[in-house]
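Take a look at the structure below. Where does its ligand sit, and what surrounds the ligand?

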Amino acid sequence: MPPANLDARRRLLVFLLQSPLIGGTVLASRPAAGRPGLAVPQALDEVLDVFQMKSAARRALEPPAWHFIVNGADDQQTLEANRRAFDEWQIRVRRLVDVSRVDTGLTLFGQRLDSPLILAPAGAQQTVHAEGELATMRGASARNHLLMASTISSSSIGEIRAAGTAPLWFQLYPSPDRELMRHLLRAAENAGCAAVALTVDSPTRGNRMGERWFARVAGRPGPAPMGNLAGYPGPPRIGDPAMTWDIIDWLRANTGLPVLLKGIVTREDAQLAVRRGVDGLIVSNHGGRQEESGRATLDCLPEVVAATRGRCPVLIDGGFRRGTDLFKALALGADAVCVGRPYLYGLGAYGGDGVAKVLSILDSELVRAMQFAGTTTLGAIGSRYLQRRA
Ligand SMILES: Cc1cc2nc3c(=O)[nH]c(=O)nc-3n(C[C@H](O)[C@H](O)[C@H](O)COP(=O)(O)O)c2cc1C
């Protein structure tokens, strides 16, 4: 038992961090520039965009869960750069094109998808909602969006698969225990995952101040993620700072699934990856939660796309909150776009229905952006539809 004065101090700190003045300005990401302040929605029907869903999540979640979602690393420059990069591009809309029918469909690794919007892997979702990834799967299935399930999910990949019908990929964290990696790959294959994305941006853990603060004052934000790791004989070690490019050959030898690397941000690494025969790349800085490089993923995208020379699909994530954001990345050569926090806001505020709502908002915003630009298929969206801000 902590002494009474320590306990009181802890409660005071939690109270202070709950206040919008302190928790909000110091730790939450800033609202998009120029956006009119809309009221916090009172019901799911009232949510008009991702920013309103964020407000609803903020109201619904306890501070540790809120900070688990919104935190970036260090001074959050990378997190903010991800958002700011969209402002540097403007859309050159074309007129008098028949846009009465718009098709947002695409094919990835032989799998037909209705939309280029993918749910990025996020671990420990029971921190955010009691039903965690199972509710997320239900939301993704309601809209038929591809879900990438995290290694450190609260539920196992088999349980997630059984919770819905959405297309499913597995996100793999490395481990110095290759037997554990094999165990995870088998589970992903048995669950029918169509691809595996190895996360390569985490040789160590990002310095996320809000999370560290709450770990001190209020303990862990929620239940430990055990889904895929439960039942593994031996303590599961996640993360391998010794991992190098040899891992691709190891993956090739240990799974027949298409392999993507999640976290590639330079032309050099894109070239090495393609030479090693990876099947796809995800341009990602983990939503600004890992390295504090200051580089936005949208700024990294063109060099990665150029280096691949069309030899494998390139996906991207980091800061996507509007249909126009998706449009800009597609115009710069991305094949698809993943979002993390937007659907976690939906999950935190309204469970699986909130997840589906966020997907439907972003889908309809993308269709609107395509109609305004005069583009009716994803293939038609190219760099001629963009200009750099003068
Ligand atoms: C709460 C949270 C948990 C995450 N967990 C994982 C994870 O387990 N594995 C992983 O590869 N990426 C993880 N990510 C990163 C996301 O997959 C994605 O790269 C990032 O959220 C995209 O940025 P956005 O949140 O601005 O959309 C996580 C992100 C968040 C916000």
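This report covers the ligand, the pocket and the cavity.

**The ligand and its shell**

Keep in mind that this is a predicted model. Start with the ligand. A shell of 25 residues surrounds it. Pro121, Ser150, Thr199, Asp317 and Arg321 are the closest of these. What kinds of residue make up the shell? Ten are nonpolar, ten are polar and five are charged.

Two helices deserve a look here. H4 (63-70) and H14 (341-373) each give at least two residues to the shell around the ligand. The largest share comes from H14, which supplies three residues.

**Polar contacts**

Now zoom in on single atoms. The table lists three polar contacts with the ligand.

| Residue | Protein atom | Ligand atom | Distance |
|---|---|---|---|
| Gln171 | polar side-chain atom | nitrogen | 3.2 Å |
| Gly319 | polar backbone atom | oxygen | 2.9 Å |
| Gly340 | backbone N or O atom | oxygen | 2.9 Å |

Gln171 uses its side chain and faces a ligand nitrogen. Gly319 uses its backbone and faces a ligand oxygen. Gly340 also offers a backbone atom to a ligand oxygen. How much of the ligand does the protein cover? On its own, the ligand has 600 Å² of accessible area, and the protein covers 98% of that.

**The largest pocket**

The ligand takes up the space of the largest pocket. That pocket holds about 1100 Å³ of space. Its lining counts 50 residues. Nearest the pocket centre are Ile152, Tyr173, Arg205, Arg208 and Arg289. Four elements give two or more residues to this lining: H4, helix H9 (209-217), strand S11 (336-339) and H14. Which element gives the largest share of the pocket lining? H9 does, with four residues.

H4 and H14 therefore appear in two lists: each supplies at least two residues of the ligand shell, and each gives two or more residues to the pocket lining. The pocket lining can be sorted by type as well. It has 22 nonpolar, 17 polar and eleven charged residues.

**The cavity**

There is also a closed space to find. The count comes to one cavity of 30 Å³ or more. The largest cavity has about 40 Å³ of space. Which residues line the largest cavity? They are Ala122, Gln125, Glu133, Thr136, Leu147, Met148, Ala149, Ser150 and Ile160. Five of the lining residues are nonpolar, three are polar and one is charged.

Helix H6 (132-143) and strand S5 (147-149) each supply at least two residues of the cavity lining. S5 gives the most, with three residues.

One residue links the parts of this report. Ser150 is among the residues closest to the ligand, and Ser150 also lines the largest cavity.

Notes:
Residues numbered from 1 in each chain as written. Predicted model: local features only at pLDDT ≥ 70, side-chain atom pairs only at ≥ 80, totals over all residues. Heavy atoms only, no water. Near = heavy atom within 4 Å. Polar contact = N/O pair within 3.5 Å; in protein donor to acceptor, adjacent residues only side chain to side chain. Areas by Shrake-Rupley, 256 points an atom, 1.4 Å probe, with all protein chains shown as cover. 1 Å grid on protein atoms, 1.4 Å probe; cavity = no way out; pocket = protein on both sides within 12 Å on 5 of 7 lines; lining within 4 Å. Sits in = over half its atoms within 2 Å of the grid points. Nonpolar A, V, L, I, M, F, W, Y, C, P; charged D, E, K, R; others polar. Points joined across faces, edges and corners; volume = space filled by probe spheres on them.
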